[in-house]
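Please look through the structure below. The text that follows takes up the confidence of the model, one helix and one side chain.

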Amino acid sequence: MRVLLLTLLVTRCVCQMIMQEAQVTGTGEGRQDASSAPQPPPPNLVLLLADDLGYGDLRISGHPTSRTPVIDKLARESRFFTQHYVTSPVCSPSRASVLTGRLQVRNGVYPGTFVPSSILGLPRSETTIAALLKSKGYRTMIAGKWHLGVGREGEYLPTHYGFDHYLGLPYSHDMCPCLTCFPGPLPCHDTCWDHQVSCPLYSNNTIIEQPVDLLSLTHRLVKAAITFIADAATSGEPFFLYFPFLHIHHPQFAPEKFAGQSARGTVGDSLYELDWAVGQVVEALRHHNLLSNTLLWFSSDNGPSLSRHERGGCAGLLRCGKGTTMEGGVRVPAFVHWPTRISPGSSDGLVSAVDFLPTVASLSGLSTSGLTLDGVDISPLLWDPLAVSPRRYMPIYPESPTPTEGPFAVTNGTYKAHFYTKGSDLSDSSNFDPLCPGSHRLTKHDPPLLFNLHRDPGERYDLSADPEKSELLRDFTAWREEHMRGMTWDIPRTQLQDPLAQPCCTSPSCTPFPKCCDCPTSSPSAAPQPAKPDTSLNAITAHTSSLSCIEREKRKERHDKWLIFFTQFI
C-alpha cells in the first residue's frame, strides 16, 4: 500500500510539473497566454478586376463558347457570390468605390468617367486600400488600367494613392486612336477617339511608350506582376497586387497566341488572353508557395457593353447592360479564393464591390475607425455561405447621379425597386428592350417598379401593383430617403477638361499636337523582340514627370530613359 501511495504521489507531482511547464512554454496541453500566442501572418492580397465583363461572359456562368478554363476552375474553388453589385454602371466611379470603400458621390468621381483631357482625378485626400495596407508594411503594386485621373503633372497617378509601383494605362484604350489590335490585317473594329493623343504606357509617373503596343501589353503587365510577387516572396513581406485588366473592353485585342483561338470571335480571343493572365498570376503564387496565404478577389468593374453586338459582352439572363441601373449593368460575377480559409461554394448574400476595403481591412488587422465608409465587412459570408449578409440594402446609382434624384434603384438582395430608369446606348441603341437604349429617357416611377430577383432575375415582371407588396415598397422608400438625407456629395470632378492636359511623352506644347506626343522611337505595330531583361522592380521605377521634356536636351534624356524602361518589359 505504501508503495502504491508513493507511486501515485510521484505521478501527481510529475504531472503538475508537466502542466506548469506547458503553461509557461506553450508547448504542451496547458493554457497558453493569448498575448504570447504566435499570430498568423497577414494574408497577401490580389485583386483581379476585369473590364466590362458581364454576368454571362464566363464559361462557368453559362456562355457556351467562352474559353475561360483557369477562371472557371478558380471560381469552383472559391466563394462565388451570385448577387454582387458594383456602385456604378461605368468604370471610373466603380473603381473609385473598390479602392476607397466609399460611394462615388462622396469623392466626386461622377458624372461618367475621366477622359484623357481631364485635369482632375480621385481626390488626393481619399484613403485607398493600398495606402492602408502600405502603412501596415505591405508592398503594393498596380498593373493595368487606372482610370482615376492623371492631371496636368501626373498628380493623380496611382503612386500618390499608396501604390509603390505602377505599370499600365491611365484610362481605357478606346480613348485613343485605334492602331493595331490583332496580328496581320485584322482591323480593330472600332474608330475609337482618333483626335486624342496616342495611348500612353506609364511606369510609375513616367510615360515609357506612346502609343502603347496592345499586342504585347498583357504579356508585359503579367511579367511585371510576376516579378513583383517573386520579389515579395524573397523579402518575406506581405503584398497587395491590384491587376485591373483592359480585357474585355472594346476594341478587343489579342496577340498571335490567342487571336482566332475562340469560337466566340474577337471578344472571345481577348477573354482567352485574360484567362491566361489570371493563370500566370495563380501559378506564380503557387510557385513561391504563397497561394495558401493569399486572398484572391476576382470581379468586374461594371456590366457588359452591348453596343458592339456579337463583339460585345454578355449579361446572360440579366436585363440590359453597361450604362444602365438594370441588373445587367451593375450585377457582375465575383468570387473570393483563399484555399486554407474559404471552402468552395456559392453564396446568395447581398455584397458589393464597395465592401472590398472594409472586408480586406478586417482580415488584415487594419483599423478603419477614422474613415467614413459605405462598404461593410462581408467576411462572415466567406466562412459560411448560408450566413446572413451584413449588408441589408444596396443603393444603385446611375452613370450621372444628382443629389435630387439620388440612387435610381435599391435592392435588398431578394427584391429590387426602381425609382427611376434611364437607358444608355452602351446597352445598344437598337436594343429591342425599350428600357435599355439611350432613347429611353429619364423616367420616374411612382410607385417604383418592383422585381423579385430570386424568382425573376431578368426583371420582367413588375410586382408594384400587388397590394401585398405595398409595405415592402414603403420600406424601400423609407430606407432610400434616409440614405439620401445622410449622404454627403463632393463636387463632380470628371467634367473639367483641357486638351493640353492630355498625357504627352514629349511636351504638351509640341506641334503638330497631338501626334507630336508620340515617343520618339515608338513602334506600336512591331512585334516584341527577344530580350534578356533585368526583371527587378528597379526596372519600373521612375523619378521624373512625363510632362517635363520641353528642351532638346531633356527630350533626348527622356528618349534614353524610355528605351531603358521599354526593354525591361519586352
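Helices here are DSSP runs of H or I of at least four residues, numbered from the N terminus. By that count, helix α9 covers residues 356-364, and Gly365, just after α9, takes a positive phi of about 75 degrees.

This is a predicted model, and the mean pLDDT of the protein chain is 87, with 84% of its residues at 70 or more. Over residues 1-35 the pLDDT is below 50, and this stretch has 12 contacts in the model beyond near neighbours in sequence. Residues 522-570 also have a pLDDT below 50; beyond near neighbours in sequence, 99 contacts are found for this stretch.

Back at helix α9, how many of its 9 residues are buried? The number is 8, and the helix is mostly covered. The buried residues are Phe356, Leu357, Pro358, Thr359, Val360, Ala361, Leu363 and Ser364. In an α-helix there are 3.6 residues a turn, so residues three or four places apart point the same way.

The side chain to follow next is that of Ser300, which is placed in strand β9, residues 294-300. Is Ser300 buried or exposed? Ser300 counts as buried because its relative accessible area is 2%, and the cut-off for buried is under 20%.

Leaving out residues up to four places away in sequence, Ser300 touches Leu49, Ala50, Asp51, Asp52, Leu53, Val86, Val332 and Pro333. With Leu53 there is also a polar pair: a polar atom of the Ser300 side chain lies 3.0 Å from the backbone oxygen of Leu53. The side chain of Ser300 also reaches the backbone oxygen of Asn302, at 3.0 Å.

Definitions and conventions:
Residues numbered from 1 in each chain as written. Predicted model: local features only at pLDDT ≥ 70, side-chain atom pairs only at ≥ 80, totals over all residues. Heavy atoms only, no water. Helix = DSSP H or I, 4+ residues; strand = E, 2+ residues; numbered from the N terminus. Buried < 20%, exposed > 50% of the residue type's maximum accessible area, 1.4 Å probe, protein only. Polar contact = N/O pair within 3.5 Å; in protein donor to acceptor, adjacent residues only side chain to side chain. Contact = heavy atoms within 4.5 Å. pLDDT = per-residue confidence, 0-100.
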